[in-house]
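Here are some exercises to work through with the structure open beside you. Try each task before you read its solution.

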2 protein chains.
Amino acid sequence: MTPPRHQRRPGSGPRPGPATIYAVAEEAGVSIATVSRVLSSPDKVSERTRDRVIEVIDRLNYVPHGAARSLAARAHEAYGLVLPELRGPYYAELLTGFESAAADRGASVVVLLTLDRPTADLAVRRLAGRVDAMAFMGGARVDPSTVAAIGSKVPVVQLAGVDLDGVENYSTESTDSARTLTEHLLVDHGRRRLLFVGSPADAPDVRRRYEGFVEAHAGLGREAAPPVAAELSESAGQEIARAFSAGELSADGLVCANDELALAVMRGLGDAGVDVPADVAVTGWDDWMAARYVAPGLTTVRQPVRDLGRLVGERLGGVLADPEAPEPVNWLPTSVVLRRSCGCP
Amino acid sequence: MTPPRHQRRPGSGPRPGPATIYAVAEEAGVSIATVSRVLSSPDKVSERTRDRVIEVIDRLNYVPHGAARSLAARAHEAYGLVLPELRGPYYAELLTGFESAAADRGASVVVLLTLDRPTADLAVRRLAGRVDAMAFMGGARVDPSTVAAIGSKVPVVQLAGVDLDGVENYSTESTDSARTLTEHLLVDHGRRRLLFVGSPADAPDVRRRYEGFVEAHAGLGREAAPPVAAELSESAGQEIARAFSAGELSADGLVCANDELALAVMRGLGDAGVDVPADVAVTGWDDWMAARYVAPGLTTVRQPVRDLGRLVGERLGGVLADPEAPEPVNWLPTSVVLRRSCGCP
DNA sequence: TTGTAAGCGTTATCAA
DNA sequence: TTGATAACGCTTACAA
C-alpha cells in the first residue's frame, strides 16, 4: 500500500520545482497543518513556532499554490470581467473600479475580451470554472443563454446590459440624460431636425440613449427620425461626416452615441467646411479627455464609470458573502456637460 | 478504511452545488477518466460514448473546476499582468495585445493594478501562485527583489522596465526617437532653449526619453537642461503651464513625457495667451486620439503598444512551452509624428 | 476503447 | 497548541 500522503517524502531533500507546504513543514519541523495555520490564522499558532515557520517560508521563498488553495477552500478568490474590448476610457475605467473592489476583498480579476473572437461563448464557459463570480458587459455580445447557464453556477451580473430574467443589471442612467440633452438642442438652441447617430441594436446603452432622444421629441409633440446606424468608431464617424457633406444626410444637429464617433464626425465636418455648431450641432457621450481639448469643446454626457465598476465588484463580493444580501441601487446618475459644440456660448 | 475515491458516491443522486465530473460520469454510465478524455482528447473516445457523454455534459451544464484542473495538470492556464493603472490608451492597448496572445494559447489573463496600493508586493506574490507566468510593467514600481523572487518560480518578463539581472525586458524604442524629436526641434525649427517635462526617476521609459533628449543636445555640442519634474497627469501639466506663464520657467520648446501632460500644458499655455508653437513648441508621447484632434495638432511619438503586449504574451507562452526557446527581439520601433505643435506647417 | 487509482498541494475537521 | 488525515475535483499513467 502507498503510505499516507504526509509521509510520502520522508527525508527527501529539496525537490525540483517551487517549494510546497511539505517542504516548509519538513524544514521547520512541523506538520503541514501548522504551516497552513501560520498563513491563514497566525494567532492560532504559538509565537515560537510561528516565527520559525515564517523564517522558513521566507528562506524557501514559498508561495502557496493557488489552485490547491482554491480547490481545498472551495473559492477561487477571483472575479471574472467580460468586456468586448478596451478602446476608449470607458472599459478601462470600469476595469479599474472593478479591480479595486475585488482587490479589497482579496480577489483577483480575470479579464476576457470578446470582440472579434468567434468562440467567445466557449471561453466564457471555461472562465466560469475559474472564478467565484462574473460580470458581463452588455456590449460583449455573449449569448443570453450562456449568461443564464453560468448564472446557475456562480453569481452573475450584467453591466449596461439588457434586462435578463434573474440577472441583475447595473448601468449608468442613460435615457433621462439623453432626453435632457435632446431637449436642450430642440428647445434652448431651437434645432429643427436632429439625427441620432449610432446603432441602438448594437448595445443596450446605445438603445437607451436613443429612447431618450425619442422621448424628447415626443414630449414636444414631434417625431424623432430613425437612428443613423454607425459603429462607435472613428471610421464610422468619418463616413457619417462624408455622407452629411455629400447631402445624403440632412440635419441641424447630430446626437452621437459616443465621443469617439462625435469627434470624428466633428473633424470630418470641419474638414468639409461645415461649421459646428453654426451649421450643425454635435454632441457625444462619455466625456473623453479629447472632448475637452478640441475646438469647439464637445457637449457630452459624463458617466461615473469607475464607480460603476466598483459598485459591481462590491455587489459580487456582497452576494458571495451573503446570497441574501439586498440588491443595491442598480444605476448611477450621469451629468450633461455643455460645451460649445451644441451651440452654447 | 475509506473506500477509494471513485466509489465514494455510489448511487448518490444529484448533489448540491455545480455538477462535477463524477456526476457526469455516473449519469453517462462511464468512468470519470472517460469524461475527462471526452473533454481533452475526444478522438481517444469512441463516437458512441463521446456523444452520450457530451449530451450529459450539456444537460447538466457541466463546467470543469478550473482549480482542480490546474492542480492535476500542473498548469494554471493563466498569465499575470501587473500594471500601475489603466489611464490613457497605453495600458489598455498593452493589455489588449497581451490578452490576445494569452487567449490564443488558451490562457486567461489576471490583471493587477498597483498604483496607490501600499501592499502591492504582497498581492504580486499571491498572484505568483495563481499564474504560469507574469509580466511586470516597469512603472508598476514592484520591488526588484520581489520580481527576482517570483522569477525563480515562474517565467517573468518586464515591460518598459529597468534592466534587471536575469529578467528579460521588452519595450518600445525610446531614446532614439526622443533624440530625433529633440534634434528636430533644435535643428529644423531652430529652438534655442528646450525643457524636458517629466520625471525620469518615475519610470524607466521616461528616463530613456530624457536620455535621448540629452543625447540630441550633446550631439550638437550643447548641454541639456535638467528635467522639469512632473507626473504624467493633467494637473501636473496645468501646473507647468502656470509656472511657465508666471515666468518661473523659460523655454521656447517643451518636450513632454507623454501626451496627457503635453495636452494639458498646451491648453494651459493657450489659456494664458501663450502661442503654441510660435512662442513655445510642445511635443508629447503616445499619440492619443486627442493629439490628432486638438488645434494645433500635437507632435508626438507613436508606439506599437498593442504589438508590444502581444509580443510579451507570446514570449511567455513560448518560454513556457520550451524553456530554451530563443529570446525574441526585445524592442519595437516607434515613429515620430509631426504635427503643428512643434512648428511644422 | 475503457477503467483503476495515484497523485496534484492545499484547507479544515477532529483528536490528541 | 499541534498533528493526522480526509477531502477538494480533476489528469494521467497503467492495466485490462
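**Exercise 1. Find where Ala230(B) sits, and decide whether Ala230(B) is buried or exposed.**

Solution. This is a predicted model, so every step here reads a prediction.

Step 1: Go to chain B and look between α9 (204–219) and α10 (234–245); Ala230(B) is in the loop that joins them.

Step 2: Check the accessibility. Buried means under 20% relative accessible area. Ala230(B) has 8%, so Ala230(B) counts as buried.

Step 3: Look for its partners beyond four places in sequence. Ala230(B) is in contact with Val197(B), Gly198(B), Ser199(B), Ala236(B), Ile240(B) and Leu261(B).

Step 4: Now try a distance. Val82(B) is 148 residues away from Ala230(B) in sequence, and their C-alpha atoms are 23 Å apart in space.

**Exercise 2. Work out which parts of chain A are linked by the salt bridge between Arg59(A) and Glu27(A).**

Solution. Start with the idea: side chains of opposite charge can pair when their charged atoms come close.

Step 1: The N to O distance between Arg59(A) and Glu27(A) is 3.0 Å. A salt bridge needs such atoms within 4 Å, and this pair forms one.

Step 2: Place both residues. Arg59(A) belongs to helix α3 (residues 47–60) and Glu27(A) to helix α1 (residues 21–28), so the pair, 32 residues apart, links distant parts of the chain.

Step 3: Read the accessibility of each. Arg59(A) is partly exposed at 45%, and Glu27(A) is partly exposed at 44%.

**Exercise 3. Describe how Arg179(B) and Asp176(B) are placed in their helix, then look at other salt bridges.**

Solution.

Step 1: Both residues lie in helix α8 (residues 175–188) of chain B, three residues apart, which is about one turn of the helix.

Step 2: Their closest N and O atoms are 2.8 Å apart, in a salt bridge. Arg179(B) is partly exposed at 24%, as is Asp176(B) at 39%.

Step 3: Compare another pair in chain B. Glu85(B) and Arg87(B) form a salt bridge at 2.9 Å, and Arg87(B) is partly exposed, with 35% relative accessible area.

Step 4: Salt bridges can also join up. Arg69(A), Glu77(A), Arg126(B) and Arg130(B) are linked in a network. Over all chains, the search finds 42 salt bridges.

**Exercise 4. Describe the protein surface near DNA strand C.**

Solution.

Step 1: There are 30 residues around the strand, and Ile21(A), Ser36(A), Arg37(B), Thr49(B) and Arg74(B) come nearest.

Step 2: Sort the residues by type: 14 are nonpolar, nine polar and seven charged.

Step 3: Ask which part of the DNA is met. Of the strand's atoms within 4 Å of the protein, 66% belong to sugar or phosphate and the rest to bases.

Step 4: Pick out phosphate contacts. A polar side-chain atom of Ser36(A) is 2.4 Å from a phosphate oxygen, and one of Arg69(A) is 2.8 Å from a phosphate oxygen. For Ser46(B), a backbone N or O atom lies 2.9 Å from a phosphate oxygen.

Step 5: Find the main contributor. α4(A) gives the most to this surface, with four residues.

**Exercise 5. Work out how chain A and chain B are related.**

Solution.

Step 1: A rotation of 180 degrees with 0.0 Å of shift along its axis superposes chain A on chain B, with an RMSD of 0.1 Å.

Step 2: The copies are therefore related as by a two-fold rotation axis.

Step 3: Both copies use the same surface, as 100% of the contact residues of chain A recur in chain B.

Definitions and conventions
Residues numbered from 1 in each chain as written. Chains lettered and ligands numbered in written order. Predicted model: local features only at pLDDT ≥ 70, side-chain atom pairs only at ≥ 80, totals over all residues. Heavy atoms only, no water. Salt bridge = Lys/Arg side-chain N within 4 Å of Asp/Glu carboxyl O. Helix = DSSP H or I, 4+ residues; strand = E, 2+ residues; numbered from the N terminus. Buried < 20%, exposed > 50% of the residue type's maximum accessible area, 1.4 Å probe, protein only. Near = heavy atom within 4 Å. Polar contact = N/O pair within 3.5 Å; in protein donor to acceptor, adjacent residues only side chain to side chain. Nonpolar A, V, L, I, M, F, W, Y, C, P; charged D, E, K, R; others polar. Least-squares fit on C-alpha atoms with pLDDT ≥ 70 in both. Contact = heavy atoms within 4.5 Å.
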